[in-house]
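Thank you all for coming; I would like to walk you slowly through one structure this morning, so please have a look at it before I begin.

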Amino acid sequence: MDAKIDDKLLAAALAARENAYAPYSKFTVGAAVLADDGRIFTGCNVENASYGLTCCAERNAIFAAVSSGARSFKALCVVADTDAPVAPCGACRQVLAEFPFEKIILANCRGQVKITTADELLPYGFGAAALTKNK
């Protein structure tokens, strides 16, 4: 994957961030997912007064892609206004581990970027292999 694609994903994530609904934390996050077929899906965080019902940008982007039929992905980019590139929460890391991603792009609004993988974000993650051992 080339830098132009990474830049396109970052731009899509930044645009999605503008739609975030974060009246409580004021912490707005955007994400963009690149499917294997070239389609880009975006998501933003959506908060709720009942905090446990809040859904992160990364999961919203992945769920949008899945609901449109995508099942395999090249990359995900997540961006927020943080001092360092923002990292997904634990729940998002578990969702990322469910699907094959070639790379995960962590970014902030200042242009800092860190490239990583789902395995690096969630070592020893729980996955389908754990479920098949019980059959």
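Leaving aside its neighbours within four places in sequence, which residues is Asn45 in contact with? Before I answer, please keep in mind that what you see is a predicted model.

Asn45 is found in the loop that runs between strand E2, residues 40–44, and helix H2, residues 57–67. Beyond those sequence neighbours, Asn45 is in contact with Ala20, Tyr21, Ala22, Phe27, Thr28, Val29, Cys55, Cys56, Ala57 and Asn60. With a relative accessible area of 6%, Asn45 counts as buried, because the cut-off for that word is under 20%. Among its partners I would single out Val29, whose backbone nitrogen lies 2.7 Å from a polar atom of the Asn45 side chain.

Some of these names return when we turn to the largest pocket, which holds about 150 Å³ of space. Its lining is made up of 14 residues, and the closest to the centre of the pocket are Phe27, Val29, Asn45, Cys56 and Glu58. By type, the lining divides into nine nonpolar residues, three polar and two charged.

Let me finish with helix H3, residues 90–98, where the buried residues are Cys92, Val95 and Leu96. These three cover an arc of only 105° around the axis, and therefore they sit on the same side of H3. As a general point, an α-helix has 3.6 residues a turn, so residues three or four places apart point the same way. The cover over the buried residues of H3 includes H2, strand E3 (73–80), strand E4 (103–108) and helix H4 (118–121).

Definitions and conventions
Residues are numbered from 1 along each chain as its sequence is written. This is a predicted model: local features need pLDDT of at least 70, side-chain atom pairs count only at pLDDT 80 or more; totals for chains, interfaces and linings use all residues. Side-chain values use heavy atoms; hydrogens and water are left out. Helices (H or I, at least four residues) and strands (E, at least two) are DSSP runs, numbered from the N terminus. Buried means under 20% relative accessible area, exposed over 50%, partly exposed in between (1.4 Å probe, protein chains only). A polar contact is a pair of N or O atoms within 3.5 Å; within protein, one must be able to donate a hydrogen and the other to accept it, and residues adjacent in sequence count only if both atoms are side-chain atoms. Contact means heavy atoms within 4.5 Å. The arc is that of the directions from the helix axis to the C-beta atoms. On a 1 Å grid over the protein atoms alone, a cavity is a set of points where a 1.4 Å probe fits but cannot get out, and a pocket is an open set with protein on both sides within 12 Å along at least five of seven lines; lining residues have an atom within 4 Å of a point. Grid points are joined across faces, edges and corners, and a volume is the space filled by probe spheres set on the points. Ala, Val, Leu, Ile, Met, Phe, Trp, Tyr, Cys and Pro count as nonpolar, Asp, Glu, Lys and Arg as charged, and the others, Gly among them, as polar.
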